[in-house]
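Please look through the model shown here, and follow the explanation below with the structure in view.

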Amino acid sequence: MKVVTGVVGNDVHVVANRLIDISLQERGFEVFNLGVNTYLEEFIDAVIETDADVLLVSSLNGEAEGWCRDLGILKSKYDFSDVVFMIGGNLGVGEMNAEELGPKYRNYGFDLVFHQVDLNEGLDQLENYLKERK
Amino acid sequence: MSLLQREREIIVQNEFIDQFDFKEVEEFIKSASKELFISHKFKTTNEMLVQPRGGFPTYDKVFQLYKEFKNSGVDVLPLTIDSNTRLNDYATAKKMLALSEENDVDMLNGYPLINHGYRTTRKMITHYDTPVSLRHGTPDARLLVEIALASGIFEIEGGPITYLLPYSKNFPLDKAFLYWKYVERVCAAYSELNEPINRESFGPLSATMQPPAIVLVIQIIEMLLSLEEGVKSFSVSFSQTGSMLQDVVSSNVLKKLSRKYADRFGHNDAVINLVYHQWMGAFPYNKHYSDSLINTSTVIAAMVGADKIITKTRNEAFGIPTKEANALAVANVKYTLNMLKGLPKISDEAEEENLTNMVNEIMEAVLNDSADTLWRKVFNAIKKGHIEIPFSPHIINANKVITVRDPDGNIRIHNKGKLPISDKSFAFERSKIRLKENERVVDKIIQDIGIML
């Protein structure tokens, strides 16, 4: 399974990004890590180029909301029906109502949304999701 | 006119600075007070020098900060530069400085030296007549360093690797080498006029699980790149690892090998100093724990025989400290150091041997590259992954090396990636690691990063 991952927007927090990379590799995924400061268009290009099964976008500084609004438009230009779109990290700036974040991001076009969820738990759920979908 | 001088004249023709008067600056440095040179201070004292971190947008706030530091017995003053200036964005720095001055709020995380200019800044530096160290994080520091030296700042921190791999995603590494070559040459040229300008490398790197072997290799390489351009006074540095033993071992090996490599390349006359950074990782929110951490690292700095210590404050977890909190930290470190004179030297032979071997093995691989100059060899080494740092945001970094802590807290190489270390050295590292049954490496890393929380 191929996963494209990276930190969206003008966000240079690299530590969690490296941990996601290592965790995915430990679970047997083939990882294409675009690193920090990655724009949505670059993610989409990488998914197409690598023929990825999963796109895992992360955010630490909480600005992902602004950066991911156009996901629906970008998704409509290409057939991504086999690709799982996942986002995790701090998905809002400041204190947020976590209940509202899930629907909001699913509305943008994400299948799996994890706001301040432990990394391993998020990846367990990803693996379950992939299994069930088969 | 030399090529370097021609380049310098182009660099200082910048819309954000007033006329740069090379003659006047040369005269100033030639007749500058010896007290401004940290290289002179290193020569004339046996005591560890204490230097905090700090910088504010406005002249007045830095002036007040220095006053506070002087009252606390500081030995070396810092001048930390704001993030826009670090990225050569002097227009934004100018705007934010104006806002800071008008509204009495800090709109910058440091001092925009280019916008203040050397004529103004020099007044403050000569007023305090104390060495000042330039702290920044700039891949292209050519103009910044010209202005700093003209201001009377005679210690320049940084280097092409240590200010790039931890700080940038895609600034080209080859450019960083060439821009820093300029900095070294300017420092070398001024070093002939009075006491030497001191250059200092930034050993903490990304401050997250950095293996000493890589830190030491990068320290030695930046030292060689500097000395080969004529710099005569250089500080190698590293930050607290989280294990007292590993700090002692790192320091013993770094002192020995930096001298060895400097001599091997014919730089026998260069003075090499050791700088110790108090814990650079995530700080506890509990200020009592912070105090304890800072005290312990002061003890370690004395044990390793550092020539200078760079301090943290109990407010670290909460943001930029006030001038009072910062000065209090300096006073406390000075107080603790007073009890720590003439300590016996301790060591661990097996550990020192293994670290020495790893550093030599990586250095040999770098030096054996077929490129014609040292910087190109190093450039190739980084491209090939022979040198990489854990947790770098930069695209050129290989990101293959994985480190974890052993039961004593020492940082060990778990995956060596492309590091050219021998099987024997690697086996030594691996033999120290203990993972619990079914414990995932990544969970261990997360725990090891947060060791001080």
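**One helix, then a whole chain**

In this predicted model, a useful starting point is helix α6 of chain A, residues 119-133, whose 15 residues should span 21 Å at 1.5 Å a residue, and because its end C-alpha atoms are indeed 21 Å apart, the expectation and the model agree.

Within α6(A), the residues A:Gly122, A:Leu123 and A:Leu126 are buried. These residues cover an arc of only 95 degrees around the axis, and therefore they lie on the same side of α6(A). A general property of such helices helps here: an α-helix has 3.6 residues a turn, so residues three or four places apart point the same way. The buried residues of α6(A) are covered by elements of chain A that include the helix α1 (15-26) and the strands β3 (54-59), β4 (84-89) and β5 (112-115). On the face of α6(A) that is turned away from this buried side, the reader will find the exposed residues A:Glu121, A:Asp124, A:Asn128, A:Lys131 and A:Glu132.

From this helix we can turn to chain B as a whole, which contains 18 helices and ten strands. The radius of gyration of chain B is 21 Å, close to the 22 Å that the globule rule gives for 453 residues, so chain B is as compact as a globular protein of that length. Its C-alpha trace spans about 65 × 55 × 40 Å along the principal axes, and buried residues make up 52% of the 453 residues in the chain. Of the contacts in chain B with a separation of 6 or more, 75% are between residues that are 24 or more positions apart.

Chain B is also divided into two parts, with domain 1 covering residues 3-337 and domain 2 covering residues 349-449, and the C-alpha centres of these domains of chain B lie 26 Å apart. Where the two domains touch, domain 1 of chain B contributes 37 residues and domain 2 of chain B contributes 32 residues. On the domain 1 side of this contact, the elements of chain B that give two or more residues are α10 (173-191), α11 (212-227) and α12 (244-264). The largest share of that side, ten residues, comes from α11(B). Sorted by class, the side of domain 1 of chain B that touches domain 2 has 22 nonpolar, twelve polar and three charged residues.

Definitions and conventions
Residues are numbered from 1 along each chain as its sequence is written. Chains are lettered from A and ligands numbered from 1 in the order in which they are written. This is a predicted model: local features need pLDDT of at least 70, side-chain atom pairs count only at pLDDT 80 or more; totals for chains, interfaces and linings use all residues. Domain bounds come from an automatic or database domain assignment. Two residues are in contact if their C-beta atoms, placed from the backbone, lie within 7 Å. Helices (H or I, at least four residues) and strands (E, at least two) are DSSP runs, numbered from the N terminus. Ala, Val, Leu, Ile, Met, Phe, Trp, Tyr, Cys and Pro count as nonpolar, Asp, Glu, Lys and Arg as charged, and the others, Gly among them, as polar. The expected span of a helix is 1.5 Å times one less than its number of residues. A residue is buried if 20 or more other C-beta atoms lie within 10 Å of its own, exposed if 12 or fewer, and partly exposed in between; C-beta atoms are placed from the backbone. The arc is that of the directions from the helix axis to the C-beta atoms. The radius of gyration is taken over C-alpha atoms; the globule rule is 2.2 Å times the number of residues to the power 0.38.
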